[in-house]
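Let's take a walk through this model, starting with a pair of helices and moving on to charged pairs, a core residue and a couple of backbone oddities. Keep the 3D view open as you read.

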Amino acid sequence: MTDQSQPPFRFRFRVRYGECDAQGVVFNARYGDFVDISVNEYIRTLFGDYQRLLDQDLDIQVVSLTVNWKAPAKFDDVLEARIRAGRIGTTSFTLHLEFVRFGEEQLIADADITYVLIQPSRMGKTEVPARIRALLEEGAPGVLISHAGEHATAG
């Protein structure tokens with residue numbers, strides 16, 4: 001588990017119109033996409049290009065995803081995903097995400113996603129190597145990646 005005293009990895013993105021439902025809020029199923037794009041940025045930060053994992057005959061597959069909603073997000077909101085590693089087991093690891101509305105610090109949702117590490121060549125799970133375990137334990141404290149353009153808004 002990552003050091004909770006360290007700031008989490010942060011990824012910012014803007015809610016798009018097509019991600020909202022007839023009620024004018026982000027459709028619940030979109031949070032799976034939000035988790036996926038946020039974790040992809042986290043994994044890229046930790047491991048480098050995803051192809052590096054594949055070149056080692058390693059890959060990750062989702063085995064569990066839970067989302068808890070706290071408040072609605074709406075079109076054009078900038079959300080910030082904050083990610084920390086949770087439990088790191090023998091063949092799997094869990095990441096914990098919190099989605100907050102940027103600038104307001106309001107918790108919108110939290111999620112836990114568990115991956116199992118596999119060897120694609122045999123489509124079977126494998127132990128988390130020490131080097132990957134160390135990267136997950138260290139995390140990416142204080143790293144911020146933004147796709148939101150929050151600094152480019154006209155005033």
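For helices, an axis here is a line fitted to C-alpha atoms over the stretch in contact, and angles run from 0 to 180 degrees between N-to-C directions. One thing to keep in mind throughout: this is a predicted model.

With that settled, look at helix α1, residues 30-47, and helix α3, residues 130-138: their axes come within 10 Å and cross at roughly 120 degrees. Angles of 65 to 115 degrees would count as roughly perpendicular and those over 145 as roughly antiparallel. The α1 and α3 pair is therefore called oblique. As for handedness, α1 goes past α3 in a right-handed crossing.

Which residues do the touching? On the α1 side you'll find Tyr-42, Leu-46 and Phe-47, and on the α3 side Ile-132, Leu-135 and Leu-136. Sorted by class, the contact of α1 with α3 comes out as 6 nonpolar residues, with no polar and no charged ones.

Now for the charges. Side chains of opposite charge can pair when their charged atoms come close. Searching the whole structure turns up 10 salt bridges. A good place to begin is Glu-80, whose side chain meets that of Arg-10 in a salt bridge at 3.9 Å, N to O. Glu-80 sits in strand β3 (residues 78-88) and Arg-10 in strand β1 (residues 9-14), so to speak a link between distant parts of the chain, 70 residues apart. How accessible are the two partners? Glu-80 has 1% relative accessibility and so counts as buried, while Arg-10, at 23%, counts as partly exposed.

Glu-80 also forms a salt bridge with Arg-12, and there the closest N and O atoms are 2.6 Å apart. Again strand β3 is joined to strand β1, so this pair ties together parts that are 68 residues apart in sequence. Glu-80 and Arg-12 are both buried.

Stay on strand β1 for Arg-14, which forms a salt bridge with Asp-76, the closest N and O atoms being 3.4 Å apart. Asp-76 belongs to the loop between β2 (59-69) and β3, and the two partners are 62 residues apart. Arg-14 counts as partly exposed at 23% relative accessibility, and Asp-76 is partly exposed too, with a relative accessible area of 40%. Stepping back, salt bridges with shared partners join Arg-10, Arg-12, Glu-80, Arg-82 and Glu-105 into one network.

Arg-82 turns up again around Leu-97, a residue of strand β4 (residues 92-101). Is Leu-97 buried or exposed? Its relative accessible area is 0%, so Leu-97 is buried. Leaving aside residues up to four places away in sequence, Leu-97 touches a set of residues including Val-35, Ser-38, Val-39, Arg-82, Ile-83 and Ile-113. Pro-141, 44 residues away from Leu-97 in sequence, is 14 Å from it in space, C-alpha to C-alpha.

Finally, check the backbone at two aspartates. Asp-57 has a phi near 60 degrees, a positive value in a residue other than glycine. You'll find Asp-57 in the loop between α2 (51-55) and β2, and at 22% relative accessibility Asp-57 counts as partly exposed. Asp-76, the salt-bridge partner of Arg-14, has a positive phi as well, about 75 degrees, although Asp-76 is not a glycine.

How values were computed. Residues are numbered from 1 along each chain as its sequence is written. This is a predicted model: local features need pLDDT of at least 70, side-chain atom pairs count only at pLDDT 80 or more; totals for chains, interfaces and linings use all residues. Side-chain values use heavy atoms; hydrogens and water are left out. Helices (H or I, at least four residues) and strands (E, at least two) are DSSP runs, numbered from the N terminus. Angles under 35 degrees count as roughly parallel, over 145 as roughly antiparallel, 65 to 115 as roughly perpendicular and the rest as oblique. A crossing is left-handed if the near helix is turned anticlockwise from the far one by less than a right angle, and right-handed if clockwise. Contact means heavy atoms within 4.5 Å. Ala, Val, Leu, Ile, Met, Phe, Trp, Tyr, Cys and Pro count as nonpolar, Asp, Glu, Lys and Arg as charged, and the others, Gly among them, as polar. A salt bridge is a side-chain nitrogen of Lys or Arg within 4 Å of a carboxyl oxygen of Asp or Glu. Buried means under 20% relative accessible area, exposed over 50%, partly exposed in between (1.4 Å probe, protein chains only).
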